[in-house]
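Work through the following exercises with the sequence and the coordinates side by side, and try each task before reading its solution.

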Amino acid sequence: MKWFSFTLAIFLISFSSIAAIAPITGVTSICLGLHTTLSDTTSGGTWSSSNTTVATISSTGGLFGAGVGTAIITYTIAAGFVTTQVTINSLPQVYPVVGGGTYCEGGNGVPVGISGSDPTNIYVLYSVDSSTATGPTYVGTGTALTVGYPTTSGVYTVYGINGAGCSTPMSGNVTIVVKPAPAPVLGNPIVCTGTITTLTDTTTGGTWSSVAPAIANVDASGIVTGVTAGTAIISYTLPTGCAATRSISVEAMAIPIVTYNSGAITFYATPGYTSYQWYDSSQGMIPGATAPSLAAFDSGFFYVVVTNSYGCKRASALFEFSMEELSIGSITPNNEVQLYPNPAQNELTITSPEKIKTITISNLSGQTVFNHSYNSANVHVHIQDLPTGVYFVKINGQQTTKLVKQ
């Protein structure tokens, strides 16, 4: 009975000591190689670990993850103690970092990744220079993995993160160098076959080239010549290899066709162009002749220059015309009608043996610009408001005479 009483007394003393010690607090699951601190509000105790190859603990409660696994941490005061279990988690497997290199400003960047990956881990690009993660996370695939395309010069690596939240840098790093690109290429992106357009770039020192010279070629000055219909990429390349490009569309522009209608005494050009300008091969540009048609007025060689919606110009072939084809009616058999002065500036005088009933003046496009009724053999027509050019005068609807307005 005395032995039983003594044993019971020892048990009660130990239980009382344990009950008097507060529980251990702090993070009990950490990653391999990391530190944390455990604590106990009951002062005066000592710390110990059941497996120092897994976890070590200092006299002040500093816990260090020495190896993967679990260990029991004890906090002892006199004859009493409290315990807690800690877990040391493994780090992601390390794979070599790959990628990097040099690229031109304005591109899509250079790939950076790792040579292998684990499907249970995630990975993120990491800037060594700024000590920050950049971009989104990528789930491992079990194979090589690209984790980003940096567009800023610098040194980069990759961090892996496992399900326990443990992260570690992968092996090595890569460098990215961004080279400056030339300024954008400027100029008309459309050129017609047989015509030219000029491209420019404000960055000096580059050279011009065409990926399809059979469609559009370019010389050393940036002058592009349209060869045949299609699309060509014109490049302006710096000595660094960085280039700016311009897509050039070459439009096929057919030679306009000129026909002659003897009944209307008029030339007609292919319709559908944006603008027209008629020329006399001997005298040059015909003032006011900017319609698709031109009333014939003199012997000679005529042609038209047309402009399409892209601003390209093309000339027709020469069309020969003889005054013998110009039908001129008469009022009297002796054709004694007189029109003077010709050329005229402000006023035109017309006389006839018979009374003049109507005077009609039309331009080279066949448009009536003057029409008036008379009842006299001698009339004066004021033409000061007419633009300079060539006109046709009809008297009584029959007589056709060329008038030059100065």
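**Exercise 1.** Determine how strand β10 is joined to β13, and then place both strands in their sheet.

Solution. Strand β10 (residues 112–114) and β13 run antiparallel and are joined by three bridges, where strands are DSSP runs of E with at least two residues, numbered from the N terminus, and two strands pair if DSSP finds at least two bridges between them. Within this pairing, Gly113 stands opposite Thr146 in β13. The next step is the sheet itself, which is open and has three strands in the order β8-β10-β13, paired antiparallel. Because β8 (97–99) and β13 (145–148) each have a single partner strand, they stand at the edges, and one side of each is left without a neighbour in the sheet.

The model is predicted, so local features need pLDDT of at least 70 and side-chain atom pairs count only at pLDDT 80 or more, whereas totals for chains, interfaces and linings use all residues. Residues are numbered from 1 along each chain as its sequence is written, and side-chain values use heavy atoms, with hydrogens and water left out.

**Exercise 2.** Which residues of the largest nonpolar core touch the most other members, and which strand gives the most to this core?

Solution. A nonpolar core is a set of buried (under 20% relative accessible area, 1.4 Å probe, protein chains only) Ala, Val, Leu, Ile, Met, Phe, Trp, Tyr and Cys residues joined through side-chain atoms within 4.5 Å. The largest has 24 residues, of which Phe267, Trp278, Ile286, Leu294 and Leu364 touch the most other members. Strands β24, β25, β26, β28, β29 and β35 each supply at least two residues, and β29 gives the most, with three.

How values were computed:
Helix = DSSP H or I, 4+ residues; strand = E, 2+ residues; numbered from the N terminus. Buried < 20%, exposed > 50% of the residue type's maximum accessible area, 1.4 Å probe, protein only.
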